[in-house]
Amino acid sequence: LLSNSTSAKGDQNGTFGPGGYDWKASANSQTLTAGTSVGYRFPSPNLMVYLAGAYADQHVWGNIEHSASTNGTSPQATYALTDIRANARSVALGLRLGSDVKLGFETRLIKRSWPGLSVPETRGGGETTDSITTVSLSFQ
């Protein structure tokens, strides 16, 4: 499990108009990865068969806060970013002939989801799922 957090702050004066207001933002992330592989090498004819699996999960969250502008044109607001997630699952099956030829098959499923923000001018949330399958033959 790997965790990370960061923060930043500044003054928007002039960037988004003449009001000028202080802002601060924070972001946090966690990543969990795990994997394993098992195989068997046959003594003759120098053949190895293996199966591998892996899993990864990422989670990001944070918030943005800004103070009211000095001229009253922009009120104080807080925007929360929650439940931005992605995970990947992978399974591989392989066959190695001697030390020179390798045949592999891998399938991977990647799922991402993110929330909509509670602000009318922002996009809503969503979810995507991608599946990737590969077959490989390599010579060394």
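I started with the neighbours of His59: leaving out residues up to four places away in sequence, His59 touches Asn28, Ser29, Gln30, Asp83, Ile84 and Arg85. Note to self: this is a predicted model.

Next I checked where His59 sits, and it is in strand β3, which covers residues 47–66. Buried or exposed, I wondered about His59? His59 has 13% relative accessibility, so I put it down as buried. One of its neighbours does a bit extra: the side chains of His59 and Arg85 make a polar contact at 3.4 Å.

That got me looking at Arg85. Arg85 also has a salt bridge to Asp57, with 3.7 Å between the closest N and O atoms. Arg85 belongs to strand β4 (residues 77–97) and Asp57 to strand β3, so this pair ties together parts 28 residues apart in sequence. I found Arg85 partly exposed, at 35% relative accessible area, while Asp57 is buried at 18%.

How many salt bridges does the structure hold? I got 3. Reminder from class: side chains of opposite charge can pair when their charged atoms come close.

Another of them joins Glu65 and Lys24, at 3.8 Å from N to O. Glu65 is in strand β3 and Lys24 in strand β2 (residues 22–42), so here the linked parts are 41 residues apart in sequence. Glu65 is partly exposed at 27%, and Lys24 is partly exposed too, at 47%.

Last lookup: Glu106 and Arg108 form a salt bridge, their closest N and O atoms 3.3 Å apart. I noted Glu106 as partly exposed at 23% relative accessibility and Arg108 as partly exposed at 31%.

Terms used: Residues are numbered from 1 along each chain as its sequence is written. This is a predicted model: local features need pLDDT of at least 70, side-chain atom pairs count only at pLDDT 80 or more; totals for chains, interfaces and linings use all residues. Side-chain values use heavy atoms; hydrogens and water are left out. Helices (H or I, at least four residues) and strands (E, at least two) are DSSP runs, numbered from the N terminus. Buried means under 20% relative accessible area, exposed over 50%, partly exposed in between (1.4 Å probe, protein chains only). A polar contact is a pair of N or O atoms within 3.5 Å; within protein, one must be able to donate a hydrogen and the other to accept it, and residues adjacent in sequence count only if both atoms are side-chain atoms. Contact means heavy atoms within 4.5 Å. A salt bridge is a side-chain nitrogen of Lys or Arg within 4 Å of a carboxyl oxygen of Asp or Glu.
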